[in-house]
Amino acid sequence: MSHWIDFYDFKHSVIYVNARHRDVHYRTIAEDIRVHVPSPEARVLDYGCGEATSAELVAEASGALVLVEAAPNVRAALDARYETHPRIAVIPADRTDALPVASFDLIVMHSVAQYLSDAELTRLLALFRTLIKPGGVVVIGDIVPPALAAPAAAVALLRFAAANGFFWAAVGGLIRIFVSDYLRLKTTVGLSHYTETAMLAKLKAAGFVAHRAPHNIGHNQWRMTFVARAS
Ligand SMILES: C[S@@+](CC[C@H](N)C(=O)[O-])C[C@H]1O[C@@H](n2cnc3c(N)ncnc32)[C@H](O)[C@@H]1O
């Protein structure tokens, strides 16, 4: 499903209706991720971080933050933004396998699983199981349930936009998404959906004890976040 990496490989993804949407989106996510950081010394990995324009909020609450991004242009923008930050490192996705075993207290993968095949997600969960320290936490966010995914996403975006002053831009953005590659890829490449039961079973099979968090990271509460610890 690497077509989705190409879709996201812009300095500023078309998925955000304007700069305000992008910045409020990433600030909301960073604030929500911060809640999961277990200590000020924690080593944190954010896999598929996207533009991560508020990553410094997570870094402030952590000892070190490694941002992993597969899309080269997005990664170049991250490099430019954070190259002088003392606690943020940016790496490509294919370097994640070479990270030391048991070296992270928190691993977050938010809003990425829907772009992975089932086999790719299985592989990544196994990798996270090796990278997480004993007692550490893996947080998998924005899991999209099979039912009503598109209408729920549209309503959640419009509510988020109304609360943050970009409602009409969001209406325009939804129309643009309708004519963009997003819908074409959704039909040809597909998106992965999981029920709560299916995701809990998948995490268990990967060697985790997990539960669904009461709050999904980000603005769309129709989607689900799972908190997993090594079993
Ligand atoms: C919706 S963005 C999520 C960005 C950020 N985590 C957030 O929540 O806003 C999806 C991300 O998944 C990444 N992605 C898509 N397919 C991928 C794959 N096969 N392997 C690794 N990353 C992938 C894209 O590069 C993009 O950064």
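A polar contact here is a pair of N or O atoms within 3.5 Å. With that cut-off in hand, the ligand site of this predicted model can be read off pair by pair. At H110, a backbone N or O atom sits 2.8 Å from a nitrogen atom of the ligand, so the pair falls inside the limit of 3.5 Å. The backbone turns up again at G48, where an N or O atom lies 2.7 Å from a ligand nitrogen. E69 brings in its side chain instead: one of its polar atoms is 2.6 Å from an oxygen atom of the ligand. As for cover, the ligand has 590 Å² of accessible area on its own, and the protein covers 94% of that.

Two helices stand out in the shell around the ligand. The elements giving two or more residues to it are α1 (3–8) and α2 (19–34), and the largest share, three residues, comes from α2. In total, 18 residues surround the ligand. Y8, H25, G48, E69 and H110 are the closest of them. Sorted by character, the shell comes out as 11 nonpolar residues, five polar ones and two charged ones.

Away from the ligand, two helix pairs deserve a look. The first to take up is α5 (residues 118–131) with α9 (residues 196–205), whose axes come within 9 Å and cross at roughly 45 degrees. Angles under 35 degrees would count as roughly parallel, so at roughly 45 degrees α5 ends up oblique to α9. The crossing of α5 past α9 is right-handed.

The other pair is α6 (residues 149–163) and α7 (residues 167–178). Here the axes come within 8 Å and the crossing angle is roughly 155 degrees. The cut-off for roughly antiparallel is over 145 degrees, and α6 and α7 are therefore roughly antiparallel to each other. As for handedness, α6 and α7 make a right-handed crossing.

Terms used
Residues numbered from 1 in each chain as written. Predicted model: local features only at pLDDT ≥ 70, side-chain atom pairs only at ≥ 80, totals over all residues. Heavy atoms only, no water. Near = heavy atom within 4 Å. Polar contact = N/O pair within 3.5 Å; in protein donor to acceptor, adjacent residues only side chain to side chain. Areas by Shrake-Rupley, 256 points an atom, 1.4 Å probe, with all protein chains shown as cover. Helix = DSSP H or I, 4+ residues; strand = E, 2+ residues; numbered from the N terminus. Nonpolar A, V, L, I, M, F, W, Y, C, P; charged D, E, K, R; others polar. Axes fitted to C-alpha atoms, helices over the stretch in contact; angles between N-to-C directions. Parallel < 35°, antiparallel > 145°, perpendicular 65-115°, else oblique. Left-handed = near helix turned anticlockwise from the far one by under 90°.
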